[in-house]
Structure formats: C-alpha cells, structure tokens
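Reader: I'm new to reading protein structures, and I keep meeting descriptive words without knowing what earns them. Could you take me through some of them?

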Amino acid sequence: MKTILNVIWLVLSGLWLFLGYVLAGVILCVTIIGIPFGIAAFRIAVYALWPFGYTTVERRDAGAGSCVGNVLWLVLAGWWLALGHIVTGIALCVTIIGIPFGIANFKMVPLSLLPLGREIVPTDAPFASR
C-alpha cells in the first residue's frame, strides 16, 4: 500500500517538493556557512520524494552546533516551510482521498522546522541503531 501511495505522491506533489528542496540545497551550499543547511535541505528533499514508510528520529550524537543551526533555520526559513506544509496538508485533507497525502505533509512539519540533528529511518525500525 505504501508503494502505491508513494507513486501517487511522487506524481502529484513529491517531485515538485523534491526539486524545490534540491534547488534550495544547491543555493545554500554555495557558501561555506550554508553547507550544513544545504545538506539538511537535501535530506528533506529525499524524504519529500518518498515519504510513506519512513519517519524521522532525533540523532543522539547531535551536539550544540545542530541546536544553534536549528535556531537559525527556524528564524530564517523553517517557519515559512512549516506553514506551507500545514496549509497544503489542510487543503489535501478536505477530500477523503487526499487525507493520506495531507498526513504526509503534516509529517514533514517537524522536519522542516528543525532539520538538523534528525535522521530519516524506515517506519518498521524507528529506534534501530544504524
């Protein structure tokens, strides 16, 4: 079932989200200071491409740098991205068929708010050590 949902998601909105996050990641990687944020944007891009069957967990080895980076991300871009995912998720949940896709958008809100220090893992092993 998750494969069917992922294919429908890919065709309808996943490809556009993926391209947007990849473009943002490339722009962020132009400067040395933006490289960690660019890598986070690439991580979100992969998650936005194929969200069903995956979840995000906090990394235990993330330090103070990820906390400072998350504050910067939240102030500069995170709340805009989260607001976009919330509005899109509400719009998708209007129809019964769109509810799973709205939920997928809501799953991206925490990652778009605070992406540093998070890892994307399969849903069948969210606490497995890598």
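Reader: Why is Phe42 called partly exposed?

Author: Happy to help, and please keep in mind that this is a predicted model. Phe42 has a relative accessible area of 31%. Buried means under 20% and exposed means over 50%, with partly exposed in between. Since 31% falls between those cut-offs, Phe42 is partly exposed. Phe42 sits in helix α2, and leaving aside residues up to four places away in sequence, Phe42 touches Val22, Gly25, Val26 and Cys29.

Reader: What makes Ile90 count as exposed?

Author: The relative accessibility of Ile90 is 52%, and the cut-off for exposed is over 50%. The value passes that cut-off, so Ile90 is exposed. You will find Ile90 in helix α3. Its C-alpha atom is 22 Å from that of Pro115, a residue 25 places away in sequence.

Reader: How do you know that Asn6 is buried?

Author: Asn6 shows a relative accessible area of 2%. Buried means under 20%, so Asn6 belongs in that class. Asn6 is part of helix α1, and its contacts, again without residues up to four places away in sequence, are Trp50, Pro51 and Phe52.

Reader: And why does Gly98 count as buried?

Author: The reasoning has the same form. Gly98 has 6% relative accessibility, and with the limit at under 20%, Gly98 is therefore buried. Gly98 lies in the loop between α3 and α4. Among residues over four places away in sequence, Gly98 touches Leu92 and Cys93. The C-alpha atoms of Gly98 and Trp9 are 10.0 Å apart, although 89 residues separate the two along the chain.

Reader: Let's turn to the helices. Why are α1 and α2 called roughly antiparallel?

Author: A general point helps here: a pair of packed helices is described by the angle between their axes and the distance between the axes. For α1 and α2 the angle is about 170°, and the axes are 8 Å apart. Angles over 145 degrees count as roughly antiparallel, so this pair earns the description. In their contact, residues of α1 including Trp9, Leu10 and Phe18 meet residues of α2 including Ile35, Phe37 and Phe42. By class, this contact has 19 nonpolar, 3 polar and no charged residues.

Reader: What makes α2 roughly perpendicular to α3?

Author: Helices α2 and α3 pack at an angle of about 70°, and their axes are 11 Å apart. Roughly perpendicular covers 65 to 115 degrees, and that range includes this angle, so the term applies. Phe37, Ala41 and Ile44 of α2 make the contact with Gly69, Leu72 and Trp73 of α3. These contact residues divide into 5 nonpolar, 1 polar and no charged.

Reader: How do you know which classes of residue line the largest pocket?

Author: Sorting the lining by class gives 11 nonpolar, 2 polar and no charged residues. The lining has 13 residues, and those nearest the pocket's centre are Ala24, Leu28, Trp73, Ala77 and Leu81. Helices α1, α2 and α3 are the elements that each give two or more residues to the lining, and α3 supplies the largest share, 6 residues. The space in this pocket comes to about 290 Å³.

Methods:
Residues are numbered from 1 along each chain as its sequence is written. This is a predicted model: local features need pLDDT of at least 70, side-chain atom pairs count only at pLDDT 80 or more; totals for chains, interfaces and linings use all residues. Side-chain values use heavy atoms; hydrogens and water are left out. Axes are lines fitted to C-alpha atoms, for helices over the stretch in contact, and angles run from 0 to 180 degrees between N-to-C directions. Helices (H or I, at least four residues) and strands (E, at least two) are DSSP runs, numbered from the N terminus. Angles under 35 degrees count as roughly parallel, over 145 as roughly antiparallel, 65 to 115 as roughly perpendicular and the rest as oblique. Contact means heavy atoms within 4.5 Å. Ala, Val, Leu, Ile, Met, Phe, Trp, Tyr, Cys and Pro count as nonpolar, Asp, Glu, Lys and Arg as charged, and the others, Gly among them, as polar. On a 1 Å grid over the protein atoms alone, a cavity is a set of points where a 1.4 Å probe fits but cannot get out, and a pocket is an open set with protein on both sides within 12 Å along at least five of seven lines; lining residues have an atom within 4 Å of a point. Grid points are joined across faces, edges and corners, and a volume is the space filled by probe spheres set on the points. Buried means under 20% relative accessible area, exposed over 50%, partly exposed in between (1.4 Å probe, protein chains only).
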